[in-house]
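Colleague: Before I rely on the vocabulary used for this model, could you take me through it term by term, setting each value against its definition?

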Amino acid sequence: MIERIVPAGVVVEAVYGDQVWAPETALFPEEAEAVAEATPGRQREFATTRLCARRGMARLGHEPAPLTRSRRGAPGWPPGLVGSLTHCAGYRAAAVARTQDVGALGIDAEPNVPLPEGLLASIATPAERLWVRSLTAQRPEVCWDRLLFSIKESIFKTWYPLTGRELEFREAEVALDLTAGTCQARPLVPAPVIGNLPTDCFRGRWMVRYGLITTAMHVPRTAW
């Protein structure tokens, strides 16, 4: 699914479930240490997303390498690569690209179910709450509050590895194009320029299919 919404130059590997029985899922020592005290379920999803990442790296001609975690849990990619991981019930995926092709990248997958009561107010701006309510009335088959949440997860996964800065959910505002299945987001806080990469606007796509919401945001290597 996510492979249908990422930009050119990005490879995606996905698994519907866990594949911890495969020899290639063996974690590097530093990866295993990161989840040594986690639950068995968390260890399985951790190993499977890294299996997906290794398959993606191999498709780009890179040897397997450990993906260590930052303070906020973002995976650290080998030099020359950017990428993002996601997991939800029954679905694991990794998206990987060369830095010469994509400046930054974030993906997310969520079940197409409503957010818990009260959560929308803590993640959405007033403008976003308006379009969520309007679209929920018009097209209730899509959980628009969950879609917004997923887009903002993808925004953070794009923003934080690039800038090293926090970005709260309500510090970015999202606009949708329903016809094209695209979205744009702009930070509501000062956005730095990292090298020659602007961070004042993120572009992406979204899809709702098979009971899942998938989103992908990116900063392109070339100018808008």
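Modeller: Let me start with pairing: two strands count as paired if DSSP finds at least two bridges between them, and the strands themselves are DSSP runs of E with at least two residues, while helices are runs of H or I with at least four, numbered from the N terminus. By that rule three strands form an open, antiparallel sheet in the order β1-β5-β4. This is a predicted model, in which local features need pLDDT of at least 70 and side-chain atom pairs count only at pLDDT 80 or more, whereas totals for chains, interfaces and linings use all residues. Residues are numbered from 1 along each chain as its sequence is written, and side-chain values use heavy atoms, with hydrogens and water left out.

Colleague: How do you know that β4 and β5 are paired, and that β1 and β5 are?

Modeller: The requirement is at least two bridges; eight bridges join β4 to β5, and six join β1 to β5, so both pairs qualify under the definition. A93 in β5 stands opposite T86 and is also the bridge partner of A14.

Colleague: What makes β1 and β4 edge strands?

Modeller: Each of them has a single partner strand, so one side of each is left without a neighbour in the sheet. Even so, β1 is mostly covered, five of its six residues being buried, where buried means under 20% relative accessible area, exposed over 50%, and partly exposed in between, with a 1.4 Å probe and protein chains only.

Colleague: Why is α2 described as close to its expected length?

Modeller: The expected span is 1.5 Å times one less than the number of residues; α2 (residues 40–59) has 20 residues, for which 28 Å is expected, and it reaches 29 Å from its first C-alpha to its last. Among the buried residues of α2 are F46, L51, C52 and M57, and the buried residues of α2 pack against β1, α1, β2, β3, β4 and β5, contact being heavy atoms within 4.5 Å. Just after α2, G61 takes a positive phi of about 85°.

Colleague: How do you know that E110 and R146 form a salt bridge?

Modeller: The rule asks for a side-chain nitrogen of Lys or Arg within 4 Å of a carboxyl oxygen of Asp or Glu, and the side chains of E110 and R146 meet at 3.3 Å, N to O. The pair links distant parts of the chain, with E110 in strand β6 and R146 in helix α5, 36 residues apart. Both E110 and R146 are buried.

Colleague: What makes K152 and E128 a salt bridge, and are they buried or exposed?

Modeller: Their closest N and O atoms are 2.7 Å apart, which means that the pair falls within the 4 Å limit. K152 lies in helix α5 and E128 in helix α4, so the pair ties together parts that are 24 residues apart in sequence. K152 is buried at a relative accessible area of 3%, and E128 is buried at 0%.

Colleague: Why is E173 called buried and R186 partly exposed?

Modeller: E173 has 19% relative accessibility and therefore counts as buried, whereas R186, with a relative accessible area of 44%, is partly exposed. The side chains of R186 and E173 also meet in a salt bridge of 3.3 Å, N to O. By this rule the salt bridges of the model come to 10.

Colleague: What makes the largest nonpolar core a core?

Modeller: The term denotes a set of buried Ala, Val, Leu, Ile, Met, Phe, Trp, Tyr and Cys residues joined through side-chain atoms within 4.5 Å. The largest such set has 31 residues, and those with the most contacts inside it include I123, W144, L148 and M217. α5 gives the most to this core, with 10 residues. Apart from it lies another core, of 19 residues, among them I5, A93, V102 and M207.

Colleague: Why is Y210 called exposed, and what is its phi?

Modeller: Its relative accessible area is 67%, so Y210 is exposed. Phi of Y210 is near 55°, a positive value in a residue other than glycine, and Y210 lies in the loop between β11 and β12. Most residues other than glycine have a negative phi.
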